[in-house]
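Here's a quick briefing to read alongside the model. Have the sequence and the 3D view open, and follow the contacts one by one.

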Amino acid sequence: MRSKLEEKKYTANSIQSLEGMEHVRLRPKMYFEDCFKENNLNALVFGSLCHAIDEYFDENCSEIIINAVGNSLKIEYNAGMSLEKSHDLTIAECIMTKIGACSNEKKHLEVGDEFCRVGMAIINAVSEKCELKTIFNRQEGHFIFEKGKTVSKEIIKTDNSEDFTTISFEISKEIFGDSVFELNDLQLKLNALKERLPNLKIETSNL
């Protein structure tokens, strides 16, 4: 008697090709082990701070404001994300949509090693919606992403000489279920980060 495995024939047509970030959404436990192990979304906060901390070590970023409520996360900091072109995309869009770009763009390898284990593009992929606003070198960029894909972008010149970045994520409930940001644990971990980076002001607007 033949087994079900023997009865099922695999051909080239059986191979499933997944576009863009679909594989992240289908296998989230491969990328977000800490979130599923701790039953909260806190690890996403630290993955979202990588660019700000990279700029901190170049003395370009001195303040970060974090707002984490339910499954929504907003990060604001006083440094811009580059809007220079790289392979037909701005560096900012590459960081947000291309796997590995977040780590590859780091000027300080230790930041990439610690904070880019997942990467901004992977976090973007598990967000129903993500919005990036940034000012860099007198250019202002506004990007909207859905499930990791760019759906809207605008880059204009601005007279504002103060660089800044705001990134807002609406984390997918379909992927993470009822998991939310656990505020007490998050505050403890942020306090530990503050001790390591004493010249970086980290504020939490709701913790």
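A salt bridge here is a side-chain nitrogen of Lys or Arg within 4 Å of a carboxyl oxygen of Asp or Glu. Lys-107 and Asp-58 fit that description, with their closest N and O atoms 2.9 Å apart. Bear in mind that this is a predicted model. The points below go through the charged pairs, then the rings, the core and the strands.

**Salt bridges**

- Side chains of opposite charge can pair when their charged atoms come close.
- How many salt bridges turn up in a search of the whole structure? The search finds 9.
- Back to the pair from the opening: Lys-107 and Asp-58 form a salt bridge with 2.9 Å between the closest N and O atoms. Lys-107 sits in the loop between α8 (101-104) and α9 (109-115), and Asp-58 in the loop between α6 (50-56) and β1 (63-69), so the contact ties together parts that are 49 residues apart in sequence.
- Lys-107 is partly exposed at 45% relative accessible area, and Asp-58 is also partly exposed, at 31%.
- Glu-128 has a salt bridge to Arg-25, again with the closest N and O atoms 2.9 Å apart. This one links distant parts of the chain, since Glu-128 is in strand β5 and Arg-25 in helix α2 (residues 22-26), 103 residues apart.
- Are these two buried or partly exposed? Glu-128 counts as partly exposed at 25% relative accessibility, whereas Arg-25 counts as buried at 17%. The cut-off for buried is under 20%, so Arg-25 makes it and Glu-128 doesn't.
- Lys-153 and Glu-93 meet through their side chains in a salt bridge, at 3.0 Å from N to O. Lys-153 belongs to strand β7 (residues 149-157) and Glu-93 to helix α7 (residues 91-97), so parts 60 residues apart in sequence are tied together.
- Within that pair, Lys-153 is partly exposed at 46% relative accessibility, while Glu-93 is buried at 5%.
- There's also a network of salt bridges, which links Glu-38, Asp-185 and Lys-189.

**Aromatic rings**

- A pair of aromatic rings is described by the distance of the centres and the angle of the planes.
- The whole structure has 4 aromatic pairs. One of them is Phe-32 with Phe-176, an edge-to-face pair with centres 5.5 Å apart and 75° between the planes.
- Phe-32 is in the loop between α3 (28-31) and α4 (33-38), and Phe-176 is in helix α11 (residues 173-176), so their pairing ties together parts 144 residues apart in sequence.
- Both rings' residues are buried: Phe-32 has a relative accessible area of 2%, and Phe-176 comes in at 6%.
- Tyr-56 and Phe-57 make an edge-to-face pair too, at 5.2 Å centre to centre and 70° between the planes. Here Tyr-56 is buried at 11% relative accessibility, but Phe-57 is partly exposed at 36%.
- Phe-36 joins Phe-32 and Phe-176 in one aromatic cluster. Over the face of Phe-36 lies Lys-29, 5.6 Å from the ring centre.

**Nonpolar core**

- The largest nonpolar core has 53 residues. Among those with the most contacts inside it are Phe-32, Ile-66, Tyr-77 and Ile-167.
- Which helix gives the most to this core? That's α10 (residues 120-125), with 5 residues.
- Leaving out residues up to four places away in sequence, Ile-66 touches a list of partners including Val-45, Leu-49, Leu-73, Leu-190 and Ile-202.

**Strands and the Ile-65 neighbourhood**

- Strand β8 (residues 164-171) runs antiparallel to β2 (residues 72-77), and 6 bridges join the two. In this pairing, Ile-75 stands opposite Ile-167.
- Strand β5 (residues 127-136) also pairs with β8 in the antiparallel sense, over 8 bridges. Lys-133 stands opposite Thr-166 of β8.
- In a regular strand the side chains alternate between the two faces of the sheet.
- Ile-65 is found in strand β1 and is partly exposed, with 24% relative accessible area.
- What separates the C-alpha atoms of Ile-65 and Glu-203? The answer is 4.7 Å, although the two are 138 residues apart along the chain.
- Beyond four places in sequence, Ile-65 touches Lys-74, Ile-75, Glu-76, Glu-203 and Ser-205.

Key:
Residues numbered from 1 in each chain as written. Predicted model: local features only at pLDDT ≥ 70, side-chain atom pairs only at ≥ 80, totals over all residues. Heavy atoms only, no water. Core = buried A, V, L, I, M, F, W, Y, C linked by side-chain atoms within 4.5 Å. Buried < 20%, exposed > 50% of the residue type's maximum accessible area, 1.4 Å probe, protein only. Helix = DSSP H or I, 4+ residues; strand = E, 2+ residues; numbered from the N terminus. Contact = heavy atoms within 4.5 Å. Pairing = 2+ DSSP bridges. Phe/Tyr/Trp six-rings, centres within 6.5 Å; stacked < 30°, edge-to-face > 60°. Lys NZ or Arg CZ within 6 Å of the ring centre and 35° of its normal.
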